Amino acid sequence: MARALIIGGGIAGPVTAMALQRAGIEAAVHEAYPAGADDVGAFLVLFANGLAALAAIDADAVVREHSFPARTAEFLGADGAALGSRPLAGANGGAAPRTLSRSVLHRVLREEAARRGIPVHHGKRLVDRRTGPGGTVTALFADGTRAEGDVLVGADGIHSRTRTLLDPAAPAPRPTGQTTVCGRLRDPAHAVPPATYRMMYGTRGFFGCTTAPDGTTYWFANVPGAPGPGAGPAHWRRLVAQAFAGDGTPAAAMAAATGDDIVGTSAHDLQRTPVWHDRHTVLVGDAAHATAPNAAQGASLAIEDGVVLAQCLRDLPGIPRAFAAYERLRRGRAERVVALSAALAARLAGAADENTPQRGDDGGADWLTGYRIDWDARVG
C-alpha cells in the first residue's frame with residue numbers, strides 16, 4: 001500500500017487524507033500549528049458541489065450537523081430599498097448552501113479523519129523535502145522530525161511552503177485590492193429571516209449577513225483597500241462602520257454593535273500556478289489555485305481536489321501518470337473559478353464574497369455549483 005504525507009490540516013488536508021484512505025492509500029496529516037484554532041468570527045459557505053464531493057467519501061453528514069442552510073438571497077440598495085430576492089443555487093434541488101465557521105469546519109474534518117484512524121500530527125511545519133533512492137519522499141519539519149512516504153501532498157494553503165519547494169520560481173499570492181471583514185453578533189434587532197442571506201450594495205462596499213437557528217448573525221463586508229498593521233477588533237468595527245456610514249442599510253449599525261468576534265484580512269489570489277506536481281509531490285486546494293473570496297468556492301474547490309486526486313491515484317498505474325491526470329481534470333475548472341473571483345473582486349460594489357451564496361456571472365450556477373464527482377467512475 002502506498003503512503004501519503006499530507007502537509008496541512010485545514011480543509012484540503014483532512015479531506016484528501018480521507019479520500020486517499022477510501023482509495024486504499026495510507027495517509028497521515030501534518031499540520032504546522034500546535035492547535036487548530038482559527039480566526040474568531042470568520043465563516044464560509046459550502047455549495048452543492050462541495051457538499052457532493054464530501055458525500056462521495058461519506059464525510060458530508062458531520063459538516064451538515066455543524067452548519068445551517070440558506071435558501072434565499074434578498075438584496076438591498078445603498079438607500080435601503082429592497083431590490084428583490086431569488087433562490088440560492090442548489091436550494092430548489094435539496095442541496096442548499098450550508099454556512100459554518102471556518103474554525104468549526106477545520107475541527108470537524110480533522111476529528112472525522114482521526115475517527116477513521118488517520119493520524120493528525122500538530123506542530124509539524126514543513127521546511128524541506130528529500131527524495132530517496134527507492135522512490136520515496138521525506139518531509140523535514142521545523143521541530144527536527146521527519147516523515148517518509150511515497151507521495152507528498154501540499155495542502156498548506158495560499159502561502160504554501162510545498163509550492164515553493166516544488167517550484168522556487170512559483171508566483172507569490174497577488175493582493176486583490178480589497179479587505180474582507182467577518183463578524184458575528186447575537187442581537188435580535190439585527191436578525192435576518194430564517195434560511196436567508198441579506199445582501200447590501202453600499203456606496204463604498206458590499207455587505208452580507210445571515211442568522212443561524214441559534215440566533216447568531218454572521219456578517220461579512222468587502223471594502224476597498226488593505227488593512228493597516230496590527231489591526232484588531234476596534235479597527236475592523238470602525239473600518240466597516242465608516243465604509244457604510246451614510247447608507248440607508250443596517251450595515252454600519254451591525255458592525256458597530258459587534259464585539260470582539262470580528263476579523264479582517266487582505267484578500268489575495270493566485271492567478272496561475274505553473275507547476276502543480278513533480279514525480280513525488282502534488283498541490284491541492286489554495287496551495288495550487290487560491291481564489292479571491294468573491295465566488296464563494298475556495299473551500300469547495302479544495303474538497304473537490306482531494307477527492308479527484310484520490311481517484312487518480314486509485315485508478316492509474318504510477319504516481320506521475322496519476323498526478324498528470326489529476327492536473328488535467330482540475331486545472332481548467334480551478335483557473336476558471338479564480339478568474340471569476342478576480343472579476344468579481346475588481347468590481348467590488350457589485351461583488352459577492354466567499355461568505356456570500358451567489359452564482360457565477362458567466363453562464364449561471366450550473367458549471368460552478370453543478371459540478372459532481374462520481375466516486376465509482378474510473379479515471380482513464
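**Close-up 1. Leu76 and its partner across the strands.** In this predicted model, Leu76 sits opposite Met200 of strand S14. The strands being paired here are S5, residues 72–76, and S14, residues 196–201. They run in the parallel sense, and five bridges link them.

**Close-up 2. The open sheet around S5 and S14.** Pull back a little and S5 and S14 turn up in an open sheet of seven strands. Reading across, the order goes S6-S5-S14-S15-S16-S13-S17, and the pairing is mixed. At the edges are strand S6 (82–87) and strand S17 (262–269), each of which pairs on one side only. Ignoring direction, neighbouring strands in this sheet are turned by 20° against each other on average. As a reminder, strands of a sheet pair through backbone hydrogen bonds, in either a parallel or an antiparallel way.

**Close-up 3. Helix H1 packing with helix H4.** Here we have H1, covering residues 12–22, alongside H4, covering residues 102–115. Their axes are 9 Å apart and make an angle of about 25°. That angle is under the 35 degrees cut-off, so H1 counts as roughly parallel to H4. As for handedness, H1 and H4 make a left-handed crossing.

**Close-up 4. Who touches whom between H1 and H4.** On the H1 side, the residues in contact are Pro14, Val15 and Met18. Facing them from H4 are Leu109, Arg110, Glu112 and Ala113. Sort the H1–H4 contact by class and you get five nonpolar residues, two charged ones and no polar ones.

Methods:
Residues are numbered from 1 along each chain as its sequence is written. This is a predicted model: local features need pLDDT of at least 70, side-chain atom pairs count only at pLDDT 80 or more; totals for chains, interfaces and linings use all residues. Side-chain values use heavy atoms; hydrogens and water are left out. Axes are lines fitted to C-alpha atoms, for helices over the stretch in contact, and angles run from 0 to 180 degrees between N-to-C directions. Helices (H or I, at least four residues) and strands (E, at least two) are DSSP runs, numbered from the N terminus. Angles under 35 degrees count as roughly parallel, over 145 as roughly antiparallel, 65 to 115 as roughly perpendicular and the rest as oblique. A crossing is left-handed if the near helix is turned anticlockwise from the far one by less than a right angle, and right-handed if clockwise. Contact means heavy atoms within 4.5 Å. Ala, Val, Leu, Ile, Met, Phe, Trp, Tyr, Cys and Pro count as nonpolar, Asp, Glu, Lys and Arg as charged, and the others, Gly among them, as polar. Two strands pair if DSSP finds at least two bridges between them.
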